[in-house]
Amino acid sequence: MPNGPLMIIGGAEDKVRKPTILKHFVALSGGRDARIAVIPTASSLGREVVDVYDALFTKFGASRVDSVRPESREQAHDPVLVKTLDEATGIFMTGGNQLKLSSIVCGTPVGDAILRAHERGAVVAGTSAGASIQSSHMVAFGVGGATPKQRMTQVAAGLGLVNHAVIDQHFDQRNRYGRLLMIVSQSPQLLGIGVDEDTCGLVEDVDGDLVMRVLGKGAVTVFDGSRMVSNAYEATRSSPLLASGVVFHSLPEGTVFNLTTRELLPQEQAVDPEDADELAEATRDLRQLVRDIAAADATPAAIRRRLALRRNRTTPTSDSAPTDGENA
């Protein structure tokens, strides 16, 4: 069985007007059979944040929504919380302080249960902090800015659901290009993934490769530094970094990207609605023609002549006068 889908959400996902991402999460989790566990450990809010997602997921059809909120590593050993995760078809990690989330969850039975859920095919989703923790390396904290500078951020270990990568969130809205590029400059083997608000990277296992499809109104930015040149090993204090040869990808909604091979995949050709209507009408005419041929035991040529005569009878002649209410 392939690993379950991952939903990497950049934060501030629409919950009211067009909650496409959250609806998609419930659908992937099983729709009316979905059993969802919400992990709000990163949030500074209390029960309120769980109540919000409980109301939304229930509205979208989920049969059950449970809270799994360890507030310490000791609580993350609670067998009741582990059992809830083991029974979940979907796990959703909220936003907040990702360093708090990782320091409490990673390497505990609760963290192991999240990994097991992914391995057995359950959906693991996270927004903001819950997105960052899904990668093997995680932005712990740091400042924004467009230019990569030494020491502008620090890195901690994540859950490793997306290996050899580092994920950042609220990416364009908080101008986090520099800090993600700083991490890639220091560790060029890592794929830098920055996700905008109300945007999701849906990652699925396709024949052993991790393939990401972008959903939402923003974009996912990818930095591939596998062939870059950097001076990060010798730069001092907060000096700007050399980062040359980085491959930059800006991926809007509908884009598909192979995270394993680091390649953009061909997009499906969109069909214009008018063209689709014409094709459907032509298909109906063709089917009717086949039925007429079978019913009348006639040749196609005879049927076409009959159709032409029928059209001529129903089409007004050019010299006929317009009736009242018609334009000349």
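This briefing describes selected residues and helix pairs in the structure shown above. The model is predicted. An unreviewed UniProt entry annotates Ser128, His170 and Glu197 as "active site". Although these positions are spread over 70 residues of sequence, they cluster in space, with a largest C-alpha distance of 8.4 Å. The points below take up the annotated residues, then the loop between strand E8 and helix H7, three further residues, and two helix pairs.

**Annotated residues**

- His170 is located in the loop that runs between strand E8 (162-169) and helix H7 (177-186).
- The relative accessible area of His170 is 7%, which is under 20%, so the residue counts as buried.
- Setting aside residues up to four places away in sequence, the contacts of His170 include two of the annotated positions, Ser128 and Glu197.
- His170 also touches Gly10, Gly11 and Ala12, together with Arg176 and Val195.
- The backbone of His170 has a positive phi of about 50 degrees, although the residue is not a glycine.
- Glu197 is placed in the loop between strand E9 (191-195) and strand E10 (199-206).
- The side chains of Glu197 and His170 are joined by a polar contact of 2.9 Å.
- Gly10, Gly11 and Ala12 are contacts of Glu197, and these three residues are likewise touched by His170.
- Glu197 further touches Gln173, Arg174, Lys217 and Gly218, again not counting residues up to four places away in sequence.

**Strand E8 and the loop that follows**

- Asp168 belongs to strand E8.
- With a relative accessible area of 0%, Asp168 is buried, because the value falls under 20%.
- Leaving aside neighbours within four places in sequence, Asp168 is in contact with Arg176, Arg179 and Leu180, among others.
- The remaining contacts of Asp168 are Ser132, Val139, Ile193, Gly194 and Val195.
- Arg176 and Val195 are touched by Asp168, and both are also contacts of His170.
- Asn175 is situated in the loop between E8 and H7, where His170 is also found.
- Asn175 has a positive phi of about 50 degrees and is not a glycine.
- Asn175 has a relative accessible area of 32%, so it is classed as partly exposed, that is, between the limits of 20% and 50%.

**Thr147**

- Thr147 occupies the loop between strand E6 (135-142) and strand E7 (153-157).
- The relative accessibility of Thr147 is 40%, and the residue therefore counts as partly exposed.
- Thr147 and Met182 are separated by 35 residues in sequence, while their C-alpha atoms are 8.5 Å apart in space.
- Contacts of Thr147, residues up to four places away in sequence being left out, are Met152, Gly178 and Pro240.

**Thr255**

- Thr255 is found in the loop between strand E15 (247-252) and strand E16 (256-258).
- At 5% relative accessibility, Thr255 is buried.
- The Thr255 side chain reaches the backbone oxygen of Pro252 at 2.8 Å.
- Beyond residues up to four places away in sequence, Thr255 touches Met212, Arg213 and Val214, as well as Leu264 and Gln267.

**Helix pair H1 and H2**

- Helix H1 (residues 20-28) and helix H2 (residues 47-59) have axes that come within 9 Å and cross at roughly 65 degrees.
- Angles of 65 to 115 degrees count as roughly perpendicular, so H1 is roughly perpendicular to H2.
- The crossing of H1 past H2 is right-handed.
- On the H1 side, Leu22, Phe25 and Val26 meet Tyr53, Leu56 and Phe57 of H2.

**Helix pair H3 and H5**

- The axes of helix H3 (residues 79-87) and helix H5 (residues 109-119) come within 9 Å, crossing at roughly 10 degrees.
- Because angles under 35 degrees count as roughly parallel, H3 is roughly parallel to H5.
- H3 contributes Leu81, Val82, Leu85 and Asp86 to the contact between the two helices.
- These H3 residues meet Pro109, Val110, Ala113, Ile114, Arg116 and Ala117 in H5.

Terms used:
Residues are numbered from 1 along each chain as its sequence is written. This is a predicted model: local features need pLDDT of at least 70, side-chain atom pairs count only at pLDDT 80 or more; totals for chains, interfaces and linings use all residues. Side-chain values use heavy atoms; hydrogens and water are left out. UniProt positions are given in the numbering used here, feature names are shortened, and annotations may be inferred rather than shown by experiment. Helices (H or I, at least four residues) and strands (E, at least two) are DSSP runs, numbered from the N terminus. Buried means under 20% relative accessible area, exposed over 50%, partly exposed in between (1.4 Å probe, protein chains only). Contact means heavy atoms within 4.5 Å. A polar contact is a pair of N or O atoms within 3.5 Å; within protein, one must be able to donate a hydrogen and the other to accept it, and residues adjacent in sequence count only if both atoms are side-chain atoms. Axes are lines fitted to C-alpha atoms, for helices over the stretch in contact, and angles run from 0 to 180 degrees between N-to-C directions. Angles under 35 degrees count as roughly parallel, over 145 as roughly antiparallel, 65 to 115 as roughly perpendicular and the rest as oblique. A crossing is left-handed if the near helix is turned anticlockwise from the far one by less than a right angle, and right-handed if clockwise.
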